Amino acid sequence: AEALLRLAARCDAAFVWALVEHRLRGGDAPGGALADTVAELAEAAPGSRLNLLLTDGTSIAATTWGDTLWYLADPAGRTAVASEPYDDDPRWTEVPDRTLLTATRTAVTLTPLKEPCP
């Protein structure tokens, strides 16, 4: 609650960021912080659309939960991640729903996210 109250914006996205930031400050890796936050939010608010993206300048972590996510990795070691392809490049790959994407210059990894317990 304290982190949320320090934020300039007090909207739903700010609340989600406060949850992610708490996990990052606790030592979680970016992908783990996003995955655990999405699982917690999906359990609390079924039907949520939780596409989150986080980068540290060298890697990308992103989730898709209830919405679309695509990535484009090229041989030069660049990766783009977007909610939908922004051009006609045939190398765009759709990420399955309820997935964590982690990308570096050399690899893209897709990990299924855990469904909340009923």
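This is a short walk through the fold, the sheets, the cores and a few single residues of one chain.

What you see on the screen is a predicted model, so please take every value I give as computed from that model.

Let me start with the overall layout. The chain has three helices and seven strands. Going from the N terminus, the three helices come before the seven strands, in the order α-α-α-β-β-β-β-β-β-β. There are 118 residues, and 34% of them count as buried. On contacts, take the pairs that are at least 6 apart in sequence: 40% of these join residues at least 24 apart.

Now the sheet. Four strands make up an open sheet, in the order S1-S2-S6-S7, and the pairing is antiparallel. Which strands are at the edges? Those are S1, residues 52-55, and S7, residues 108-112, and each of them pairs on one side only. The average turn between neighbouring strands in this sheet is 15°, with direction ignored.

As general background, strands of a sheet pair through backbone hydrogen bonds, either parallel or antiparallel. In our case S1 pairs with S2, residues 60-64, over four bridges in the antiparallel sense. If you want one position to look at, Leu-53 has Ala-62 in S2 as its bridge partner.

Helix H3, residues 30-44, lies across S1, S2 and S6, the last of these being residues 99-103. Against S2, helix H3 runs at about 20°.

Next, the other strands. S3, residues 70-73, pairs with S4, residues 79-82, over four bridges, again antiparallel. These two strands form a hairpin with five residues between them. In the turn there is Gly-77, with a positive phi of about 85°. S3 also pairs with S5, residues 93-94, in the antiparallel sense over two bridges. Tyr-71 is a handy marker here: it stands opposite Val-81 in S4, and it also stands opposite Thr-93 in S5.

On to the cores. A general point before the details: in soluble globular proteins, nonpolar side chains tend to be buried together. The largest nonpolar core in this model has 16 residues. The residues with the most contacts inside that core are Val-20, Leu-34, Val-38, Leu-50, Leu-52, Trp-65 and Leu-113. Which elements give two or more residues to this core? They are helix H2, residues 12-25, together with H3 and S1. H3 gives the most, with six residues.

To see the inside of this core, go to Leu-50. Setting aside neighbours within four places in sequence, Leu-50 is in contact with Val-38, Leu-41, Ala-42, Thr-63, Thr-64 and Trp-65. Apart from that core lies another, of eight residues. Among its members are Ile-60, Tyr-71, Val-81 and Val-95, so the marker residue from the S3 strand turns up again, and so does Val-81, which Tyr-71 stands opposite.

Now the aromatic side chains. The count of aromatic pairs comes to one. The two residues are Tyr-86 and Trp-92, whose ring centres are 5.0 Å apart. Their planes are at 80°, and because anything over 60 degrees counts as edge-to-face, this pair is edge-to-face. Are the two partners buried or exposed? Tyr-86 has 57% relative accessibility, so it counts as exposed. Trp-92 is buried, with a relative accessible area of 8%.

There is also a charge over a ring. The charged end of Arg-98 sits over the ring of Trp-65, 4.3 Å from its centre. Trp-65 is one of the core residues I listed a minute ago.

Two more residues, and then I am done. Arg-23 is in helix H2. Is it buried or exposed? Its relative accessible area is 19%, and since the cut-off for buried is under 20%, Arg-23 counts as buried. Leaving out neighbours within four places in sequence, Arg-23 is in contact with Asp-28, Ala-33, Asp-36, Thr-37 and Glu-40.

The other is Ser-83, in the loop between S4 and S5. At 44% relative accessibility, Ser-83 counts as partly exposed. Not counting residues up to four places away in sequence, Ser-83 touches Thr-68, Leu-69 and Trp-70. The C-alpha atoms of Ser-83 and Thr-64 are 8.9 Å apart, while along the chain these two residues are 19 residues apart.

Definitions and conventions: Residues are numbered from 1 along each chain as its sequence is written. This is a predicted model: local features need pLDDT of at least 70, side-chain atom pairs count only at pLDDT 80 or more; totals for chains, interfaces and linings use all residues. Side-chain values use heavy atoms; hydrogens and water are left out. Two strands pair if DSSP finds at least two bridges between them. Axes are lines fitted to C-alpha atoms, for helices over the stretch in contact, and angles run from 0 to 180 degrees between N-to-C directions. Contact means heavy atoms within 4.5 Å. Rings of Phe, Tyr and Trp (its six-membered ring) pair if their centres lie within 6.5 Å; planes under 30 degrees apart count as stacked, over 60 as edge-to-face and the rest as tilted. Buried means under 20% relative accessible area, exposed over 50%, partly exposed in between (1.4 Å probe, protein chains only). A charge sits over a ring if NZ of Lys or CZ of Arg is within 6 Å of the ring centre and within 35 degrees of the ring normal. A nonpolar core is a set of buried Ala, Val, Leu, Ile, Met, Phe, Trp, Tyr and Cys residues joined through side-chain atoms within 4.5 Å.
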